[in-house]
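Work through the exercises below with the sequence and the model at hand. Each task is followed by a solution in steps.

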Amino acid sequence: MTKAVAAVLDGPREFTFRDFAIPRVGDDDAVVRVEASGLCGTDYEQYLGGLSFGDGMPIIPGHEVLGHVEAIGATAAKRWGVGVGDRITVEPIIPCGVCAGCVEGAFTRCRAGLGYGMYQGTGRQPSLWGGYATHVYLHSRALVHKLPADIPTDVMTLVNPLSNAIRWVHEVGGASLGSTVVIAGPGQRGLLAAAAAKKAGAAEIIVTGTSADHGRLELARALGATATIDVDSEGAVERVLEITNGSMADVVLDVSAGAMSPILDGIRMLRRGGRLVLAGLKSGKMLNDVPIDDVVLSEIELRGVVSGGYRSTELAIDMLRTDPEGLGALCSHTFRLDQVTTAVQTLGREINDGTDAVHITLTSELS
Ligand SMILES: [Zn+2]
Ligand SMILES: [Zn+2]
């Protein structure tokens, strides 16, 4: 293959397939032959009208990329510890290394705005900055993880959402041996957070959802939830009180999209000194009725999180290596690159083929 092919998002809801030259690598960068990209809610938001950050369109989306190294410079190979043919994934953010966030070790707060799928448009050379393509360019500051060769493609694309889940529930949320954890929202990240909380040693893992989430709550129990709550038919706070014998939760993770009640309920579900981790975006909505006095008097911590981190990605790789079948239960759909519009519309529930879209993989195959 002498040219790369990419699905370029030219405007809202408008993909065009375009050829790009495959960049020649120097001493300190690399080119990856894409295997697949995982999709998450951000992909659908981007498809509808773009994101509030980055260059905007035209852009090659795909921020959860995995693939095999096709060409690599000597310095880059040494730094990343990978060579031609190795299977890798790359962190969505390319840290600048020198801003306050990077220097403090939190590259998720990097101010440079460089990365994969959501940042540089095709106008920035060498254009191949997203996973909806046959090839991706690896910038010298990209954060690369080597992956096991034998995990199936769709299961391996769980690495990014699982990294998020591990960081949110364990690294930031503090779920560990004996913890009581409540997870609001049985989406891809919520379900993986249940698995991560179990791995971390949490004693009680309670996942909440709506009556439409029946199948997902069942999946949550299979992945490690000790109890599930259907908030449409049960009082969520009362159930947590009952399950914990009044001791309440150490950590509540909100991964629900758009809903506000999990935040208000979350505050009431926590023990004194408990932590509410906010990871679900609310489409710009504001929240009234926050019981601030309860937050103050009970010393509740509120903490927002975005994305995973380097260590959580390494932990995610390890979890996928240990239990590919169990975690693979989330993988509901796989599409080829030429089916990108169907893939993204299935993600956004515009298309329903009868199978609940929990985790979608987009391979780089062209029919
Ligand atoms: Zn994502
Ligand atoms: Zn930075």
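**Exercise 1.** State which residues UniProt lists for "domain: Alcohol dehydrogenase-like C-terminal", and describe that span.

Solution. Step 1: the UniProt record, an unreviewed entry, lists residues 190-320 under this name. UniProt positions are given in the numbering used here, feature names are shortened, and annotations may be inferred rather than shown by experiment. Step 2: over residues 190-320 the chain is 42% helix and 22% strand. Helices (H or I, at least four residues) and strands (E, at least two) are DSSP runs, numbered from the N terminus. Step 3: the end C-alpha atoms of this span are 16 Å apart.

Two notes apply throughout. This is a predicted model, in which local features need pLDDT of at least 70 and side-chain atom pairs count only at pLDDT 80 or more, while totals for chains, interfaces and linings use all residues. Residues are numbered from 1 along each chain as its sequence is written, chains are lettered from A and ligands numbered from 1 in the order in which they are written, and side-chain values use heavy atoms, with hydrogens and water left out.

**Exercise 2.** Do the same for "domain: Alcohol dehydrogenase-like N-terminal".

Solution. Step 1: according to the UniProt annotation, from an unreviewed entry, this domain covers residues 26-148. Step 2: the span is 16% helix and 23% strand. Step 3: its end C-alpha atoms lie 26 Å apart.

**Exercise 3.** Find the protein donors of the zinc ion (ligand 1) and place them in the chain.

Solution. Step 1: donors are N, O and S atoms within 2.8 Å of the metal (3.2 Å for Na, K and Ca); water is not among the atoms, so sites may look incomplete. Step 2: Cys 40 (SG), His 63 (NE2) and Glu 64 (OE) are the protein donors, lying 2.0 to 2.2 Å from the ion. Step 3: along the chain these donors follow the spacing C-x22-H-E. Step 4: Cys 40 sits in the loop between β3 (30-38) and α1 (41-49), and His 63 in the loop between α1 and β4 (65-72), 23 residues apart, and the pair links distant parts of the chain. Step 5: both Cys 40 and His 63 are buried (buried means under 20% relative accessible area, exposed over 50%, partly exposed in between, with a 1.4 Å probe and protein chains only).

**Exercise 4.** What geometry does the site of the zinc ion (ligand 2) have?

Solution. Step 1: Cys 96 (SG), Cys 99 (SG), Cys 102 (SG) and Cys 110 (SG) coordinate this ion at 2.3 to 2.4 Å. Step 2: their spacing in sequence is C-x2-C-x2-C-x7-C. Step 3: four donors count as tetrahedral if all angles lie between 85 and 135 degrees. Step 4: the angles among the 4 donor atoms are 102 to 118°, and the site is tetrahedral. Step 5: Cys 96 counts as buried because its relative accessibility is 17%, and Cys 102 is buried because its relative accessible area is 13%.

**Exercise 5.** Locate the cis peptide bonds that precede Pro 58 and Pro 126.

Solution. Step 1: most peptide bonds are trans. Step 2: a cis bond joins Met 57 and Pro 58, with omega about 0°, and Pro 58 is in the loop between α1 and β4. Step 3: the bond from Gln 125 to Pro 126 is also cis, with omega near 0°, and Pro 126 lies in the loop between α3 (100-103) and β6 (135-138).

**Exercise 6.** Are Asp 289 and Glu 299 buried or exposed, and what is the sign of phi in Asp 289 and Glu 299?

Solution. Step 1: most residues other than glycine have a negative phi. Step 2: Asp 289 has a positive phi, near 65°, and lies in the loop between β12 (270-278) and α10 (292-297). Step 3: Asp 289 is exposed because its relative accessible area is 68%. Step 4: phi of Glu 299 is positive too, near 50°, and Glu 299 lies in the loop between α10 and β13 (301-304). Step 5: Glu 299 counts as exposed because its relative accessibility is 61%.

Notes: Four donors count as tetrahedral if all angles lie between 85 and 135 degrees; four count as square planar and six as octahedral if opposite donors are over 155 degrees apart and all others between 65 and 115; anything else is irregular.
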